[in-house]
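Q: I am new to reading models of this kind, and I would like to look closely at one residue before moving on to its wider setting. Please take me through it slowly.
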Amino acid sequence: MITRKRLATGVCALLAALAAGIALPAGAVADETTAQDAPKVDLVLDVSGSMRARDIDGGSRMAAAKQAFNEVLDATPEEVRLGIRTLGAGYPGNDRKTGCKDTAQLYPVGPLNRTDAKTAVATLQPTGWTPIGPALLKAADDLDGGNGTRRIVLITDGEDTCAPLDPCEVAREIAAKGIGLTIDTLGLVPNSKMSKQLSCIAEATGGTYTSVEHKEQLSDKVNQLVDRTADKVVTPVAVDGTAQCTTAPPLKSGLYTDREEFGRHRFYRVDVKPGQELRASVSVFDDRQVNPDYGVTLRAVTVHGREIVRGEATGSGRTDALSTGLRYPKAGSDDDSAPAETVCLEVANSFSPAAGVKTTPGLPLELTVDVVDGPDQASDVASFGLGRGWWLLGALVLTGFVAGVLWGWLSRWRVAVWRSN
């Protein structure tokens with residue numbers, strides 16, 4: 001599941017970067033320091049009628065949630081801007097249309113007044129429906145704006161009751177906006193249907209899903225997620241790759257996010273000056289069920305389509321992210337005014353959707369680009385796309401030629417000795 005991959009919005013991209021011998025930049029663009037806004041988190045609590053059930057350590061689900069919220073409010077870091085949204089808290093009737101609009105901001109996202117927030121939580125009583133999809137849309141609006149970390153923590157004891165607004169599709173739409181918002185889900189005393197839905201919501205945005213059956217477990221997990229919101233992370237910059245190199249967006253050093261359709265490719269352009277080295281890596285995430293046996297390719301090509309170097313990776317359904325990387329050093333020049341070379345990065349995938357799985361929006365990808373000073377002898381690092389393997393290939397050819405000559409001479413000598421005897 002993507003759960004294991006994006007605990008911090010880019011762990012897999014970082015691993016791919018390290019494999020390619022690069023390090024993530026400190027910001028979206030090299031040589032630019034971007035001040036990040038205060039981290040924000042919106043706790044979304046299910047207050048539907050089913051929260052009355054008394055099956056968590058002898059008490060009701062609602063009581064366990066209130067206790068967890070009070071403990072979390074006491075422990076929330078000062079720098080975190082926290083809000084609380086409810087779903088199913090205001091309408092006790094049977095009109096589905098009205099019940100599916102029942103979501104409200106209990107405490108606005110902002111500097112935390114612990115007394116006011118606890119007072120608001122204390123007033124909650126299990127009431128109505130479970131409009132998860134509408135609540136997630138509103139929660140995304142609660143966190144709108146700014147460039148800091150943004151996280152929604154959804155706590156519910158049941159699946160959405162307001163289809164056809166599928167909350168999993170809502171989460172994918174939020175992720176497709178490229179705003180770097182993560183949704184984590186916690187299921188209270190879950191069943192298989194609810195677990196599947198909450199897992200899908202979390203996976204779509206790189207969040208986590210947790211099954212909860214005890215009060216202490218709920219408090220610990222929500223605390224952990226709020227604390228994680230305060231961690232400094234590199235926020236990917238949303239970018240739209242194109243189907244052709246000539247129209248591809250120009251990129252500088254940084255971390256980027258995009259969406260790529262099944263079996264398609266996306267192009268991006270990077271300028272590399274003489275004496276510089278381009279290092280790039282990509283991770284493509286299968287955020288929905290896909291068929292086994294797939295691959296991801298990252299190619300560096302010239303504007304005329306000639307391949308310079310490539311990186312490839314294949315999978316068989318045992319991972320939920322596939323990563324690969326490449327490096328291309330451009331030889332230095334004695335001419336200080338020599339122009340930069342435009343290198344086109346092509347990302348291609350061979351994922352195919354399982355039966356009945358929607359193909360839009362495309363699969364999320366994270367692309368890391370780093371342009372640094374190259375090695376002293378750049379020309380011996382990448383030749384015809386073979387890297388240092390070019391010299392190994394030449395050595396093998398030479399060794400084979402010498403071995404062939406020696407074997408031929410030895411065979412003729414043995415034949416001559418046999419004839420003389």
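What is the relative accessible area of Asp57, and does that make the residue buried, partly exposed or exposed?

A: Asp57 has a relative accessible area of 45%, so it is partly exposed (buried is under 20%, exposed over 50%, and partly exposed in between, with a 1.4 Å probe and protein chains only). The model is predicted, so local features need pLDDT of at least 70 and side-chain atom pairs 80 or more, while totals use all residues. Numbering starts from 1 along each chain, and side-chain values use heavy atoms, without hydrogens or water.

Asp57 is found in the loop between β1 (40-46) and α2 (61-75) (helices, H or I, of at least four residues and strands, E, of at least two are DSSP runs numbered from the N terminus). Although Asp57 is not a glycine, its phi is positive, at about 55°. Val189 is likewise a residue other than glycine with a positive phi, in its case about 45°, and it sits in the loop between β5 (181-188) and α7. With a relative accessibility of 28%, Val189 counts as partly exposed. Another loop, the one between β15 (341-349) and β16 (363-373), holds Pro361, which is joined to Thr360 by a cis peptide bond with an omega of about -10°.

Around these loops, the chain as a whole has 9 helices and 16 strands, and buried residues make up 51% of its 421 residues.

The loop of Val189 leads to α7, and this helix (residues 192-205) packs with α6 at an angle of about 5°, their axes being 8 Å apart (axes are fitted to C-alpha atoms, over the stretch in contact for helices, and angles run from 0 to 180 degrees between N-to-C directions). The two helices α6 and α7 are therefore roughly parallel to each other (an angle under 35 degrees). Their contact (heavy atoms within 4.5 Å) brings Pro167, Cys168, Ala171, Arg172 and Ala175 of α6 together with Gln197, Cys200, Ile201, Ala204 and Thr205 of α7.

Helix α6 (residues 167-176) also meets helix α5 (residues 132-142), the axes coming within 8 Å and crossing at roughly 20°. Because of that angle, α5 is roughly parallel to α6. Here Ile132, Gly133, Leu136, Leu137 and Ala140 of α5 touch Pro167, Val170 and Ile174 of α6.

Notes:
Angles under 35 degrees count as roughly parallel, over 145 as roughly antiparallel, 65 to 115 as roughly perpendicular and the rest as oblique.
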